[in-house]
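Colleague: I am new to this structure and would like a close look at a single part of it. Please take the sheets, and then add whatever helps to place them.

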Amino acid sequence: MIPYAKQDIDEHDIKEVVKTLKSDFLTQGPAIPRFENVVKKFCGAKYATAVSSGTAALHITCQALGLKKGDILWTSPITFVASANCGLYCGAKVDFVDIDPFTYNMSVDALEKKLVEAKKKKKLPKIVIPVHLAGQSCKMKAIFGLSKKYKFKIIEDASHAIGATYRKKTVGCGQFSHATIFSFHPVKIITTGEGGMVVCNDEKLHKKVERFRTHGITRDEKQMRGKSHGAWYYEQLELGYNYRMTDIQAALGASQMNRLEEFLSRRRFLAKRYDALLKNLPLVTPYQHSDTNSSWHLYIIRLKLDKIRKTHKQIFEELRKNGIGVNLHYIPVYLQPYYLDLGFKKGLCSEAERYYSEAISLPMYYGLKEGEQNAVIAALKKILK
Ligand SMILES: *Cc1c(COP(=O)(O)O)cnc(C)c1O
């Protein structure tokens with residue numbers, strides 16, 4: 001089976017991990033700031049905090065931005081459940097903004113309409129999480145404009161988008177948001193096994209995120225409420241968690257960052273090649289907005305079902321039977337049983353539901369060979385005939 005995604009670990013990556021295993025620090029050591037520095041420099045951001053997962057990054061960024069019971073968080077329904085769950089962890093209410101029919105990212109028009117309605121009902125969100133689906137940035141300039149008018153904070157969920165650019169700047173630079181998070185799960189662009197990162201430009205926010213990573217504890221006298229009792233002293237200021245990344249993971253992450261440009265150029269090459277070779281099939285290839293340069297975490301096609309005599313499910317299953325490990329990103333989050341139990345109903349976001357009935361993610365990863373990509377295309381041609 002050709003998988004839809006796969007990590008690529010080379011000898012240098014392995015050497016760096018082994019070096020860390022033989023060092024004095026397996027966690028809370030020097031590999032963490034090393035990895036953080038590489039990522040923040042790459043993004044053009046002031047601060048970075050490595051954490052145990054992208055989900056942890058979302059959770060503590062929400063908490064650091066003050067999200068609590070009674071507050072509201074909005075995100076896209078076409079995302080991994082973590083982008084919404086982080087709001088629930090904080091006791092907030094979660095709601096969903098329908099997607100743009102071309103980019104499949106959060107629709108700016110739908111967002112604005114929903115904000116106008118929410119303002120009337122005094123139910124404006126405290127945080128909005130746009131998700132850069134497949135690695136293509138959302139229309140952040142417009143979303144940022146709305147955030148000023150309606151006074152919400154923006155966390156970019158860039159789990160798919162390390163290395164992507166928007167208006168010629170690297171995603172994570174924070175020009176149109178308050179914080180950005182990345183995930184380093186093995187299916188993503190670079191990996192640390194499990195892992196995530198929060199990047200931002202606000203020192204106060206950064207210090208909070210750092211404290212929430214480690215139980216809400218600080219050893220910095222400037223942050224303490226009382227006076228230090230001595231060299232052993234630390235203070236717990238808030239209720240945080242153990243969301244630390246290990247040095248073993250950070251060493252891998254820093255090594256993977258050396259290869260990021262190589263990873264991105266291969267993905268961009270494969271995406272162009274898919275675009276060209278899928279041209280005359282009854283499907284829609286990924287639309288790319290001219291402000292964006294995607295990192296191509298995913299390559300998502302949409303079937304033109306009115307031109308095909310099979311169902312979406314049939315085509316998906318036939319592809320799997322032919323050894324093509326296709327996937328579907330994503331089931332609209334609010335259709336999950338847990339969310340239905342919260343009162344969400346089918347029909348909430350019609351574009352998202354239409355998307356869900358037509359979308360398929362084709363294999364896309366650094367190590368995908370052109371021969372394998374040809375096999376994916378050949379299988380599609382055969383099945384769609
Ligand atoms: C992977 C992913 C996450 C969660 O990241 P983990 O590192 O798996 O916790 C969140 N949002 C999106 C869009 C993702 O793809």
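Modeller: What follows goes through one sheet, then another, and ends with a salt bridge and the cavities. The model is a predicted one.

Begin with the sheet of seven strands, which is open and has the order β1-β9-β8-β5-β4-β2-β3. Its pairing is mixed. At its edges stand β1 (47-51) and β3 (93-96), and each of these pairs on one side only. From one strand to the next, the twist averages 20 degrees.

Inside this order, β2 (residues 72-75) and β4 (residues 127-129) run parallel and are joined by three bridges. One residue pair can be picked out here: Leu 73 has Ile 127 in β4 as its bridge partner. A helix also belongs in this picture, since α7 (residues 203-213) lies across β1, β8 (179-183) and β9 (196-200). The direction of α7 is at about 15 degrees to β1.

The other sheet is made of three strands, in the order β12-β14-β15. This sheet is open too, and its pairing is antiparallel. β12 (283-284) and β15 (359-362) are the edge strands, each with a single partner strand, so one side of each has no neighbour in the sheet. Strand β14 (residues 299-303) is joined to β15 by four bridges, and the two run antiparallel. Across from Ile 301 stands Ile 360 in β15. Helix α10 (residues 312-321) lies across β14 and β15, and runs at about 15 degrees to β15.

Away from the sheets, 17 salt bridges are found in the whole structure. One of them is formed by the side chains of Asp 10 and Arg 259, at 3.3 Å from N to O. Asp 10 is in the segment before α1 (11-21) and Arg 259 is in the loop between α8 (247-257) and α9 (260-277), so the pair ties together parts that are 249 residues apart in sequence.

The last item is empty space. The whole structure holds four cavities of 30 Å³ or more. The largest cavity has about 100 Å³ of space. Its lining consists of 13 residues, and Thr 103, Ala 134, Gln 136, Pro 286 and Gln 288 lie nearest its centre. In that lining, nine residues are nonpolar, four are polar and none is charged. The second largest cavity has a volume of about 80 Å³. Among the residues lining this second cavity are Glu 156, Tyr 166, Lys 169 and Phe 176. By class, its lining has five nonpolar, five polar and two charged residues.

Notes:
Residues are numbered from 1 along each chain as its sequence is written. This is a predicted model: local features need pLDDT of at least 70, side-chain atom pairs count only at pLDDT 80 or more; totals for chains, interfaces and linings use all residues. Side-chain values use heavy atoms; hydrogens and water are left out. Two strands pair if DSSP finds at least two bridges between them. Contact means heavy atoms within 4.5 Å. Axes are lines fitted to C-alpha atoms, for helices over the stretch in contact, and angles run from 0 to 180 degrees between N-to-C directions. On a 1 Å grid over the protein atoms alone, a cavity is a set of points where a 1.4 Å probe fits but cannot get out, and a pocket is an open set with protein on both sides within 12 Å along at least five of seven lines; lining residues have an atom within 4 Å of a point. Grid points are joined across faces, edges and corners, and a volume is the space filled by probe spheres set on the points. Ala, Val, Leu, Ile, Met, Phe, Trp, Tyr, Cys and Pro count as nonpolar, Asp, Glu, Lys and Arg as charged, and the others, Gly among them, as polar. A salt bridge is a side-chain nitrogen of Lys or Arg within 4 Å of a carboxyl oxygen of Asp or Glu.
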